[in-house]
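This report describes a protein structure for a reader who is new to the subject. Please keep the sequence and the structure in view while reading.

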Amino acid sequence: MDNAGWHAHRRAHKEDDYFNSPRRGADGRFTPVEQQVRPIDEQFIGGFLPPSSPVPPPLPVKDEIYTDPSFHLPSGVSSQKSISSSQLSRLSAVERSKTLRVARMDPHLMFMVGPLLKYDTTDNQGIWHGALLIVTADSGSTYEPHPTLTYQFDPEQLPRHHKKSSKGFAGKSFDLGPHPADPHSTSLPIYTNGHASSGPNFISEQSPAQEIWVYPGAGGTFTFWRFMIHVPLGPNEMEVTYSINNGQRLHFFVPGQNQNMRWASYSCNGFSAGVNPDDFRGPGFQSGFDPCWLDLLTYHYEEPFHVLVGGGDQLYCDGLTREPELQEWVAKLKPEEKQSYQLTDEIAQAIDRFYFNHYCQVFRTGAFARANSSMQVTPMMNMCDDHDPDNLQNSPIFRTIGTRGYFFFLLFQCFINVEVDGIDDKNHVNRSLIIGAPGPYVGFPSHSFLGNLGPQTSILLLDCRAERRKDQVCSPMEYEKVFARLHQLPPTVEHLVVQIGIPIAYPRMVALEKALESKFNPLVALGRSGSLGLSGFVNKFNAEAELLDDLNDHWTSRTHKQERNWFISQLQEFSKVKHIRVSFLSGDVHCAAVGVFKSLKDKTNPEIPPPMDHRYMINIVTSAIVNTPPPGGVIKLVASLAGKTHKTMHRLQTDETMIPLFSKDPDGGHRGQKYIMGRRNWCMTSYDESTGDLNFDIRVEMEKGVGRSKGYAVSTPPPRWERN
C-alpha cells in the first residue's frame, strides 16, 4: 500500500474507532462530527470559503477573458476592473486603499450563510415575486434597526451578455472573474458604497427583514431573516442589483415581460459515503464539488439563467448517522430495538445541530454558494434514508429525523416556517404554493409549487416526499389540489414541466427487486451477519438490501406502478383538454437519460407525429452534478433494459421507450450504450420563440474533474393537436 493509501486507511480506522466508541469531553458533551460552523467574513459573503491560513494557496490557471481590456460589467453597475499587483504597487497608499476598498454593511451583520435567493412566480400583472434569506449570528450583529435589503433595477438598461466568440472560449473555466467571495481571483475588484448610476426610469426599492426563526445552538443564537422581493417586469431582460445594509452588491437577472426564461437544473449535489471527492478534482480546483458547478456558472456568465431548479438531493445528510449522540441507536442490530429506542433531549439537539451546521456549510461553500446568490429555486426535500418501512419510520428517533429534516428543508430551501406562515395556500407569502395532506411521518403537509417561467412555460414542483409511504407517493388530496391549480393555468401556456425527483419513464428492474426482497437471498443474509465484508450491502436501519431501498422508491416499482400509471393518464387528459404539452424532469439515478411516452402505434395507421400527439411526453433525467456515476456494470445493466418493450400502458393506448440520445461519447467516439450516460451532468432549458419548442440541453462532463461539458440536446414540440 502506498504512503498516501496507508495514511488514508489509518485515518479511516481512527474515525471508525471514534464512531464506535464516542467519548464525552470535559464539559460532558460529545464532540460533533458536523462541527459548529463559524461566521463568515463579510468579504466572502456569497460563495467560496476564505483560505484556511494567511498564506494564499497556489493560484489556479485563470481565464484570459477577465484580463482582456474589452471585459467590463454592464453600465449602471459600480466599476470593477482587473489590475495586477505590480500596477497596484505603483499607486499611492490612498489610491491603493480606494482601489481595494470593500463595501461594509452598516449596521454590521455577522453572516452564517447567505444571501440565498428563491424565485416564487410571476403573476398575471407581470410582477416577478421572490425572496432572499440570510442567517446571522446574534452575538456579532447589530439589529437596530433591523436588516434592510435594497434592490435596484432600470427597465431601460439592457444587460450585457458575454457570448463566446466564433473562435471559441480561450482558457479554462476554473475562474469566473472577480467575485467578492473568491480568494483565488487574480483580478482585484473595486467595491463602492452608494448606488448604481440611474436613468430616468431607474427604480430603487427597500425590503425590511422579517425574523422567521431563531436557532438556539451551543455557540449562541442565530436568526433567520427573510426579505420579500417584487420586481415589475419591463419590456426587456433586466439585471437586478441588491445589497443588505448597503454592503456588497450582488445581482440576478429577470426576463422581459413577454420573454420565456432560460433556466438550469441539477440534482445530487454531494458525494455518497465512501466516495473520495478528490477523485473528481481536476487541476486548478480545490474541491471535487466545483467542476460541474463552475461549468454551469460559465454558461450563466455568458448568457444568464433566470432560474436554477434543484431536482432533489440539494445536499446529502448521510453524515447525521455518524453524530456521536446517535451511535448507541445506530449500533442496535435488530430493527425492533431501533423502533423502541427512546428519543432524548440530547439526541434531539444533536439532530438540529447537524442540520443547521450542515446546511450552513454546504450552502455557503464553493461555486454552489455563488449560484445560490444569483439564481435559485429549490423544490425538493432531502433527508436521511427516507424510504424505510412504516414500522421504523414510526420510531421516535426516525420520526424526529424526518420531521426536523423537512422543517429545515422548508426553512433553508423554501424560506418557509409553518409556525409563521401557516398552511393556508390561498393566503401565503408564496403565491405558487400548493399545500397538500399531512405527511404520515414528517409532521408537515406536502408543499408543492406551480410557478410561471414565462408566457408559454410553467413548472410544477411536485412534493413526492412529505406524504410518501411504501404504497403511496402522493395522497389523493395532493393530486386533487394540484390538478385543480393546473386547470387554472392561463391560456397562453403551451408547456408544463413536471419536476419529480425520481424518473417516471425509466428502465424497469422488477427481477432485481424480487431477488432482493427474497429472504433466501444469500447476499442479504451475509450482509446482515457482516460476513465477507458485505455489511454495506444492507442499510444500517432495517437490515434490508440497500439497493432495494432505492428500487422501492422508483415510480416503476411494483408498489408504485398503479399510482404511476394513473398519474400519467390524468396528465394525458389534462394535456388534451388544456392543449398543453407535458414534460417531466427528474434526477436521483446518477446518470443522464431521456424517456418518452407516446401514443401506441396502430398497425393500420402511421405513427402520430409528436406535435399532434397529446400523449407525447419526454422525461429528462439529469443526475448528478456532483456525485459519482454508478459502476460500469450497473450502467450496462440499465442500458440493456432500456430497449425492452413495456406493455403496462397499452390499455391506455400509450407506449413508452427511451430515446437513444447518447450514441457518441463527449470526445466524439462511438458508444454502444445509447440510452444511458454514466457521467456527471446538469441541464439547461430554453424556449424557442420561432418554433415553440422547449429545448433541453443535457451538459455532460467531458472528462472527470475538468469543468467542461458536452451538450446533448433534445426538444419537445408545442401542442398542435386539434382542440376539443
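## Terms and overall picture

Helices and strands are here the runs that DSSP assigns, with at least four residues for a helix (H or I) and at least two for a strand (E), and they are numbered from the N terminus. The model is predicted. With these terms, the place of H614 can be given as the loop between β16 (593-599) and β17 (617-621).

The protein contains 17 helices and 21 strands. Of its 724 residues, 56% are buried. The accessible surface amounts to about 30700 Å², and carbon and sulfur atoms contribute 52% of it. Among the contacts with a separation of 6 or more, 75% are made by residues 24 or more positions apart.

## A buried loop residue

Is H614 buried or exposed? H614 has a relative accessible area of 14%, and it counts as buried because the limit for that class is under 20%. When residues up to four places away in sequence are not counted, H614 touches Q572, S575, K576, R581 and W721.

## The five-stranded sheet

An open sheet is built from five strands in the order β10-β9-β19-β20-β21, and the pairing is mixed. Strands β10 (307-310) and β21 stand at the edges with a single partner strand each, so one side of each has no neighbour in the sheet. On average, neighbouring strands of this sheet are turned by 25° against each other, direction ignored.

How do strands β20 and β21 run, and how many bridges join them? Strand β20 (residues 694-701) and β21 run antiparallel, and eight bridges join them. One residue pair can be named: F696 has V714 in β21 as its bridge partner. Helix α4 (residues 291-302) packs on the sheet, where it touches β9 (263-266), β10, β19 (681-687), β20 and β21. The direction of α4 makes about 20° with that of β19.

## Salt bridges

Side chains of opposite charge can pair when their charged atoms come close. The structure holds 16 salt bridges. One of the 16 salt bridges links the side chains of R281 and D278, with 3.4 Å from N to O. R281 is partly exposed at 37% relative accessibility, and D278 is also partly exposed, at 44%. Another pair is R469 and D471, whose side chains meet in a salt bridge with 3.1 Å from N to O. R469 has a relative accessibility of 31% and counts as partly exposed, while D471 is partly exposed with a relative accessible area of 49%.

Which residue forms a salt bridge with E494? The partner of E494 is R720, and the closest N and O atoms are 3.6 Å apart. E494 lies in the loop between α12 (476-486) and β14 (495-499), and R720 lies in the segment after β21 (709-716), so the salt bridge ties together parts that are 226 residues apart in sequence. R720 is partly exposed, with a relative accessible area of 40%. Elsewhere, E237, R262 and E303 are joined into one network by salt bridges that share partners.

## Backbone details

Most residues other than glycine have a negative phi, and most peptide bonds are trans. Some places in this model depart from that pattern, beginning with two peptide bonds. The bond that joins G114 and P115 is cis, with omega about 0°, and P115 has its place in strand β1 (residues 111-122). The peptide bond from E144 to P145 is cis as well, with omega near 5°. P145 is found in the loop between β2 (127-137) and β3 (148-153).

Where does N246 lie? N246 is in the loop between β7 (238-244) and β8 (250-254). Although N246 is not a glycine, its phi is positive, at about 60°. N246 is partly exposed, at 40% relative accessibility. D313 likewise has a positive phi of about 60° and is not a glycine. The place of D313 is in the loop between β10 and α5 (327-330), and with a relative accessible area of 25%, D313 is partly exposed.

Conventions: Residues numbered from 1 in each chain as written. Predicted model: local features only at pLDDT ≥ 70, side-chain atom pairs only at ≥ 80, totals over all residues. Heavy atoms only, no water. Salt bridge = Lys/Arg side-chain N within 4 Å of Asp/Glu carboxyl O. Buried < 20%, exposed > 50% of the residue type's maximum accessible area, 1.4 Å probe, protein only. Pairing = 2+ DSSP bridges. Axes fitted to C-alpha atoms, helices over the stretch in contact; angles between N-to-C directions. Contact = heavy atoms within 4.5 Å. Areas by Shrake-Rupley, 256 points an atom, 1.4 Å probe, with all protein chains shown as cover.
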